[in-house]
Amino acid sequence: MSNNEYEVVVIGGGAMGLATAFHLNKRKVKTLVLEQFTFKNQLGSSAGVSRQFRIPYPDAYMVQMALDSEPYWDELQTYTDKKLLEKVGTLWFGDPTVHSTEGNIAEAEKALQELNVPYESLTCEEIESRFHFKNLPKEYTGLFQKDGASIDFRATIQTLYDLALKSEHVTLEEEAPVTDIKEVENGFQITTPNGVSYAKKIVLTPGPYMNSATNLLGFDVKATYWNMSSAYFKKTDPDIQYPTWFVFQNAEGENGNQFYGFPEVDWDHPGYIRTAPDFVINPLKEPNGRTLIPNEQELAYTSQWVENHMTGMDPKPYYTSTCLVALSSIPNKELIIDFAPAYVPHHKDVVIYATGWAAKFTPFLGKILADLAMYGKTDFDITPFQLGQNYFREYKQLQLTKQYEQ
Ligand code: BEZ
């Protein structure tokens with residue numbers, strides 16, 4: 001193979017792209033990772049420091065995926081001295097009748113039972129006395145699952161990046177937005193402002209920017225974009241420790257009223273804890289509309305929640321940030337893992353991960369994408385995620401429809 005010829009080119013060098021490269025490296029596969037910005041940037045869905053690892057999901061196949069991810073986290077942990085998962089448990093609580101973007105508490109209990117995952121059911125009094133929340137409506141219920149964790153996502157990405165840098169099989173190229181993809185004999189020719197490379201297989205992991213890559217192959221992924229706000233709140237009682245948590249509540253007007261939070265950790269603003277809204281007031285149609293400044297009203301609702309329902313906290317938001325995520329209209333907003341549609345030449349040689357919240361699966365998803373690229377299949381059952389036929393749209397057709405509508 002000459003210098004610019006690769007077995008696999010991964011387009012998108014965030015957490016998922018680097019995790020794919022990690023697994024391709026283990027198989028000694030010559031791989032190029034192209035990143036349009038710089039590696040470890042704050043412009044996509046890997047922005048920020050922490051993420052939640054959790055096992056509760058309303059669907060058993062998602063619970064299974066979380067369980068299957070655990071050994072891959074353990075493996076990645078062996079490559080760094082930094083603790084990647086701070087295991088403090090997952091607390092889900094709130095109005096038991098609410099079905100949110102994360103699902104529903106009773107459905108999650110059913111899915112956990114189906115897979116024999118241990119958890120505790122909680123009453124409102126127990127949630128308040130054990131976990132420091134206050135003034136909750138008496139009908140609230142909850143579940144606690146002990147294996148949930150706060151993921152040090154910055155350390156996760158750094159570990160994957162360092163491994164890729166050291167690898168003799170992986171090449172990293174930043175500031176390399178892909179401007180053209182052409183079918184050639186035995187694969188693809190991929191152009192960036194830095195030059196041309198050739199690949200037998202392509203893995204697409206550009207996060208919220210996926211359509212700038214899929215459009216070059218003649219299709220797009222139907223999605224909406226959430227520029228999610230987040231803030232850190234100061235602990236006034238140093239002895240209180242929260243788990244990772246999520247509260248299910250009905251929206252009140254523009255206040256989506258779903259919030260989530262993290263424990264205090266020494267690797268992310270010690271003395272403060274991160275609490276954030278799991279809704280956006282203004283979803284975006286295009287990722288270009290993103291901003292690094294959180295929506296003030298979303299933060300005000302979060303601050304109000306902290307003041308009304310959390311003990312030992314100053315409700316003023318400090319250290320704010322945003323993160324951009326592409327979401328499909330799948331009811332629980334989970335993942336799409338598929339090959340390109342059949343009208344793309346060599347479509348089975350193009351593997352795509354798009355939409356949803358997948359940080360908790362990072363090292364496992366990397367393995368799945370690497371398997372699909374190398375062998376066209378993987379041991380894990382991806383059929384629930386093979387949703388391309390619902391969400392991929394032929395670009396030419398789409399452009400014609402848009403013109404017609406104007
Ligand atoms: C999740 O665990 O998938 C999640 C938690 C909070 C906000 C968004 C997603």
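## Ligand site

In this predicted model, the ligand is surrounded by Q52, R54, E102, Y260, D278, W357 and K360. Sorted by class, this shell holds 2 nonpolar, 1 polar and 4 charged residues.

Two distances stand out for inspection. A side-chain N or O atom of R54 sits 2.8 Å from an oxygen atom of the ligand. For K360, a side-chain N or O atom is 2.7 Å from a ligand oxygen. On its own, the ligand has 260 Å² of accessible area, and the protein covers 92% of that.

## Domains

The domain assignment splits the protein chain into two parts. Domain 1 is built from segments 5-46, 154-221 and 331-405. Domain 2 takes segments 90-146 and 224-323.

The C-alpha centres of domain 1 and domain 2 are 31 Å apart. Their contact involves 13 residues from domain 1 and 13 residues from domain 2.

## Nonpolar cores

In soluble globular proteins, nonpolar side chains tend to be buried together. Here, the largest nonpolar core counts 71 residues. M65, I337, F361, L365 and I368 have the most contacts inside this core. Both domains feed into the core: domain 1 and domain 2 each supply at least three residues.

What does L365 touch, leaving aside residues up to four places away in sequence? The partners are M16, M65, I337, Y353 and A358. Two of these names, M65 and I337, also appear among the residues with the most contacts inside the core.

Another core lies apart from the largest one and has 33 residues. Its members include I181, V344, V350 and I352.

Note on methods:
Residues numbered from 1 in each chain as written. Predicted model: local features only at pLDDT ≥ 70, side-chain atom pairs only at ≥ 80, totals over all residues. Heavy atoms only, no water. Core = buried A, V, L, I, M, F, W, Y, C linked by side-chain atoms within 4.5 Å. Buried < 20%, exposed > 50% of the residue type's maximum accessible area, 1.4 Å probe, protein only. Domains from an automatic or database assignment. Contact = heavy atoms within 4.5 Å. Near = heavy atom within 4 Å. Polar contact = N/O pair within 3.5 Å; in protein donor to acceptor, adjacent residues only side chain to side chain. Areas by Shrake-Rupley, 256 points an atom, 1.4 Å probe, with all protein chains shown as cover. Nonpolar A, V, L, I, M, F, W, Y, C, P; charged D, E, K, R; others polar.
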